[in-house]
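Visitor: May we go through this structure together, one question at a time?

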Amino acid sequence: FCDIDWADIIIPNPGMRFDSPYLIYAQEHHKEIHLEIGLFLKYTPATIIGITGTRGKSTTTNLVYSILKENLSTNVFLAGNIPQQTAISLLSRANKNDIVVLELSSWQLHGVLYDKVSPHIAVFTNIYPDHLNYYPSMKEYTEDKLRIIAYQKKEDFIVTTDQVVQNTHIAELTKSTVVIAPADIFDAPLPHLIGEHNKSNAALAISVARIMDIPDKKSIQSIQKFKGLPFRIEFIGLLNRVPVYNDSTSTTPIACETALSAISHEYPNRRILLVIGGNEKKLPFDSVVKKINETVSQAFLLKGSFTNILLHHLSIPHKGPYDSLKELVEEVLRKAKAGDVILFSTAATSFATFKNEFDRGEHFSKLITLHQKKQNAAKK
């Protein structure tokens, strides 16, 4: 604790529990505590658009950023809960007339309590059970998400969905203008994205753009050019005419269920080979099990505590658990044939084997790329 004794300001590392004995000690000794995101929100002169939600926040953040970047003359920056794009680094760069689009996690939003600040435009995509290995209950998790509007003023905005309104008291908790993105606001093709959930993400982005006086036509053009993000139902190519999708950011059952709905809709007559498994987050799983048993032809399981639970509920053919992702991928490719589609959507965390879901996604993509190269070499 000696470092806390001499420090004037304490900035916790990302992911540190707020009931950590170090933070409790700092509070007891009247130290200033700030999160990086709170300091930025407090001191930046730029206009802030902050985006949170259980699912879709990364895609929605990047859609909003793409629309504004392409259609406004001012500087637009992207930061927040994004690798290598910290908000604090923008303090010396983002000026009064600039806009910063921030992706905000529940952990970051808990930290705004220290600085009592909220974005000018807050976006809340949806709310589902998540991080219940960290939060005591869904109530605490939801409370942290709702902190995105805690310090908004009358001139601010909250852009959200019917799903959030129905599952929270969001309209009663803010003085700002509540904008519910209409479900039918976006009714155009998505050349690079699949799934109805992405139309909801697009609707939220268009609603934000309207506040910024950008015509819908221009917003839709920007959205249709958007290529999507890695590891989010990402199409990574064909192997022997079998489409392969990497959805490694699927760390919850609802994420896997969403991916299965998207793939089933995109490929209604194909067999789905699903790679799933990892460690649990103490989340409800009945709905995803039902979806798997209804839509998946065969499952291939990565080891983990969630996998151990899943094994007792699957009524479809399945193989594993596998310790090695390489061995699992080789087995999936042996079983795959023309008319199938492969979906890597784990519904669980990756920490038993990988650094995080992005590391896991990179490993999967590299394995598929290696097999694609072998396939192409064999054809020559």
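The exchange below moves from the sheet to its helices, the cores, the aromatic pairs and selected loops.

Guide: This is a predicted model, in which local features need pLDDT of at least 70 and side-chain atom pairs count only at pLDDT 80 or more, while totals for chains, interfaces and linings use all residues. Residues are numbered from 1 along each chain as its sequence is written, and side-chain values use heavy atoms, with hydrogens and water left out.

Visitor: What is the strand order of the open sheet of 6 strands?
Guide: Helices (H or I, at least four residues) and strands (E, at least two) are DSSP runs, numbered from the N terminus, and two strands pair if DSSP finds at least two bridges between them. The pairing in this open sheet is parallel. The edge strands, each pairing on one side only, are β4 (76-80) and β8 (177-180). From one strand to the next the twist averages 20°, and the order is β4-β5-β3-β6-β7-β8.

Visitor: Which residue is the bridge partner of G50 in β5?
Guide: Strand β3 (residues 47-52) pairs with strand β5 (residues 99-103) in the parallel sense, over 5 bridges. In β5, the partner of G50 is L102.

Visitor: What angle does helix α4 make with β5?
Guide: Axes are lines fitted to C-alpha atoms, for helices over the stretch in contact (heavy atoms within 4.5 Å), and angles run from 0 to 180 degrees between N-to-C directions. Helix α3 (residues 36-43) lies across β3, β4 and β5 and runs at about 155° to β5. Helix α4 (residues 57-71) touches β3, β4, β5 and β6 (121-124), and its direction makes with that of β5 an angle of about 165°.

Visitor: Against which elements do the buried residues of α3 pack?
Guide: Buried means under 20% relative accessible area, exposed over 50% and partly exposed in between, with a 1.4 Å probe and protein chains only. In α3, the buried residues are I37, G38, L39, F40 and L41. They pack against β3, β4, β5 and α5.

Visitor: Which element gives the most to the largest nonpolar core?
Guide: A nonpolar core is a set of buried Ala, Val, Leu, Ile, Met, Phe, Trp, Tyr and Cys residues joined through side-chain atoms within 4.5 Å. The largest has 32 residues, and those with the most contacts inside it are I49, V64, L68, V101, V123, F186 and I223. Two or more residues come from each of β3, α4, β4, β5, β6 and α8 (196-211). With 7 residues, the element that gives the most is α8.

Visitor: How many residues does the second, separate core have?
Guide: V123, one of the residues with the most contacts inside the largest core, is in contact with I49, G50, I51, T52, T60, I148, I158, V159, L204 and V208, leaving aside its neighbours within four places in sequence. The second core includes L102, V117, F124 and I148, and its residue count is 29.

Visitor: Why is the pair of F235 and Y245 called tilted?
Guide: Rings of Phe, Tyr and Trp (its six-membered ring) pair if their centres lie within 6.5 Å; planes under 30 degrees apart count as stacked, over 60 as edge-to-face and the rest as tilted. The whole structure holds 7 aromatic pairs. The ring centres of F235 and Y245 are 5.4 Å apart, and the pair is tilted because the planes stand at 55°.

Visitor: Is Y245 buried or exposed?
Guide: F235 lies in strand β9 (residues 234-239) and Y245 in strand β10 (residues 242-246), so the pair ties together parts 10 residues apart in sequence. F235 is partly exposed, with a relative accessible area of 43%. At 5%, Y245 is buried.

Visitor: Which residue lies over the face of Y134?
Guide: Ring pairs link Y134, Y135 and Y141 into a cluster. A charge sits over a ring if NZ of Lys or CZ of Arg is within 6 Å of the ring centre and within 35 degrees of the ring normal. At 4.7 Å from the ring centre of Y134, the residue is R17.

Visitor: What is the relative accessibility of T252?
Guide: T252 is in the loop between β10 and α10 (253-266). Leaving aside neighbours within four places in sequence, T252 is in contact with R55, D130, K281, L283, A347 and A348. T252 counts as buried, because its relative accessibility is 0%.
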